[in-house]
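Here are my notes for a first pass through this one. Have the model open beside you and take the points in order.

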Amino acid sequence: MSSCLEIQKLNIRFPKHDGTSHWAVQDLDLVIPSGKVVGLVGESGSGKSITSLSILRLLNPQTTSLDGKILFGGKNILTLPDEDLRSIRGSQIAMIFQEPMTSLNPVLSIGYQLTEGLKLHKKMSANEANERALHLLNLVGLPRPDQKLKAYPHELSGGQRQRVMIAMAISCEPQLLIADEPTTALDVTIQRQILDLLQKLQADMGLSMLFITHDLSLIRKMADEVTVLHKGKRVESGVTEEIFRQPRHAYTKGLLNCRPQMHPDVRRLPTVSDYMDAAGNEKSFDVNSLGHKAQPTKASAPALLEVKNLSKFYPMKSTWFWQKKEFVKAVDEVSFQISPGRILGLVGESGSGKTTLGRTLLRLIEPTSGEVLYRGQNLLTLPAEQLRRLRQKIQIVFQDPYSSLNPRLTIGRAMTEPMQAHGLYANDTERRQRAEHLMEKVGLDPKFLARYPHEFSGGQRQRICIARALSVNPEFVVCDESVSALDVSVQAQILNLLLDLKEDMGLTYIFISHDLSVVKFIADDVAVMSQGKIVEMGPAADVYSHPKNEYTQKLLSSIL
């Protein structure tokens, strides 16, 4: 079979000021056959995205050193003149980037951005380009395409923006399509739609595709062949089904077994470190050593948190005084309760009201109506001073750990500041000791307290945010999509950590997520939200095995 693109002995390194180099990719060989999908998997930092950027020479030559060959159409892309390279980018090789909001220009309309490439590469007139753009938006299943052409990126949802990116990528009918984490952080239903769309386009157009992800369940659905990267090196490659049935390398085994759906009844999830040591040597590991999940008993203690008819409405637009005012009902008459020591999983698509509900419970967003009773006290009517004191007992871990940490504060300052605000511990020395203890508890070196947020990986920052939330000794924690953008191995570590902390400190959680496999693993009870309402709620095992609501059934059918 002929190859569409061939990478030979690719090396990518970033020279440092001290004369040494950081090797991002080392001696990588990769072949993408014509008309086939090749998956590239590995954790963050393994070299996946760097490899994809090097194919289009999008890395800064001032800060990056590349050598080897990237052969496309018999020519080495790394040595092509700039003019020849421009004729390939977007026309013969196209790329779908990971984050569509940052990839689309916020000040240009969707129509302008779609037609720009058509005019440049296909020499189309404005009318021809507009007709082609409308056809492309229809092709990717975007509703009301004529209106979407006039819209700006911020007016579209995440799934719609991703469809626009796909339309732009296929507009010039490329030979090779690079999809870099195209479904990260999308809802399961939107994710399924995007993957089905990519599969259909690939089959209809005979595209070759490089599909990059850290989620192996997506690779199994999409790819004919797969290459596994670890610390910039290829550790395993082959036919996808063979890799899944009989992985040879310890790292591949670890990645495959980190997924929650692989072990639905274990007490803890395995991680990559269970299968290989720091030097990369394989370790013998028995899944049975993880223990079995205890069946949760029915809640008998009085509710720690009770929510009654909670609502949060946002006015859509200002109207004349005789017109009826219109509202977006983000949270609509929601009622539930949580007993101490239990975990309530809150699931639903983007826009269903999950995050708004979580933040309204803590009065980070002021509700429109209803009651939130914490140990019998209504949080919504508490005076400001009493609420401030009570915040010690109720904490939140946000979705994005980087934006929730102050970049100008050291980790030590970020962790001791809440203790100081609530008057905990006698002096700074005791608060520092408490911070060091919490760092150890979340699996980080106490020496890291002197560092700043940008010096940590995403998984490490999320551990820091958990430690900071625990610094004031809370009883109740809202975890808002706290593992959604993490690698499967790091995700497994954070989930294990949350369960350990629950047992050690007697915590109660609301765990908000769009990943139903994760919620099934961690939650005792599940509440399903749609359009601001809870449409189904009950013990996790019952909801997953016998869903009653049609919306719940639709969500569960989308799990890969």
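1. Let's begin with one pair: strand 16 and strand 17 (residues 476–480) run parallel and are joined by four bridges. Within that pair, Ile396 sits opposite Val478 of strand 17. Strands here are DSSP runs of E with at least two residues, helices are runs of H or I with at least four, and both are numbered from the N terminus. Two strands count as paired if DSSP finds at least two bridges between them.

2. A word on what you're looking at. This is a predicted model, where local features need pLDDT of at least 70 and side-chain atom pairs count only at pLDDT 80 or more, while totals for chains, interfaces and linings use all residues. Residues are numbered from 1 along each chain as its sequence is written, and side-chain values use heavy atoms, with hydrogens and water left out.

3. Now the sheet around that pair: six strands make an open, mixed sheet in the order 16-17-18-13-19-20. Strand 16 (394–397) and strand 20 (533–539) are the edges; each has a single partner strand, so one side of each lacks a neighbour in the sheet. On average, neighbouring strands of this sheet are turned by 15 degrees against each other, direction ignored.

4. Two helices lie across these strands. Helix 13 (residues 354–361) crosses strand 13 (343–347), strand 16, strand 17, strand 18 (508–512) and strand 19 (525–530), at about 150 degrees to strand 18. Helix 21 (residues 550–557) lies across strand 19 and strand 20, at about 105 degrees to strand 19. Contact means heavy atoms within 4.5 Å; axes are lines fitted to C-alpha atoms, for helices over the stretch in contact, with angles from 0 to 180 degrees between N-to-C directions.

5. Is helix 13 largely enclosed or largely open? Six of its eight residues are buried, so helix 13 is largely enclosed by the rest of the structure. Among the buried ones are Lys354, Leu357 and Leu361. (Buried means under 20% relative accessible area, exposed over 50%, partly exposed in between, with a 1.4 Å probe and protein chains only.) Just after helix 13 comes Arg363, with a positive phi near 60 degrees.

6. There's another open sheet, antiparallel, with four strands in the order 2-1-4-5. Its edges are strand 2 (21–33) and strand 5 (75–76), each with a single partner strand, so one side of each has no neighbour in the sheet. Strand 1 (residues 3–15) and strand 2 run antiparallel over nine bridges, and Leu10 stands opposite Leu28 in strand 2. Helix 1 (residues 48–55) packs on this sheet, touching strand 1, strand 2 and strand 4 (65–72), and its direction makes about 115 degrees with that of strand 1.

7. Have a look at strand 9 (residues 225–230) too, where Thr227 is found. Five of the six residues of strand 9 are buried, and Thr227 is buried at a relative accessible area of 4%. Beyond its neighbours within four places in sequence, Thr227 is in contact with residues including Leu30, Val41 and Glu236.

8. Strand 9 has partners to check. Four bridges join it in parallel to strand 3 (residues 37–41), where Val38 has Glu225 as its bridge partner. Strand 9 also pairs antiparallel with strand 10 (residues 233–239) over six bridges, and Glu225 stands opposite Val239 there. Strand 9 and strand 10 form a hairpin with two residues between them, and Lys231 in the turn has a positive phi of about 50 degrees.
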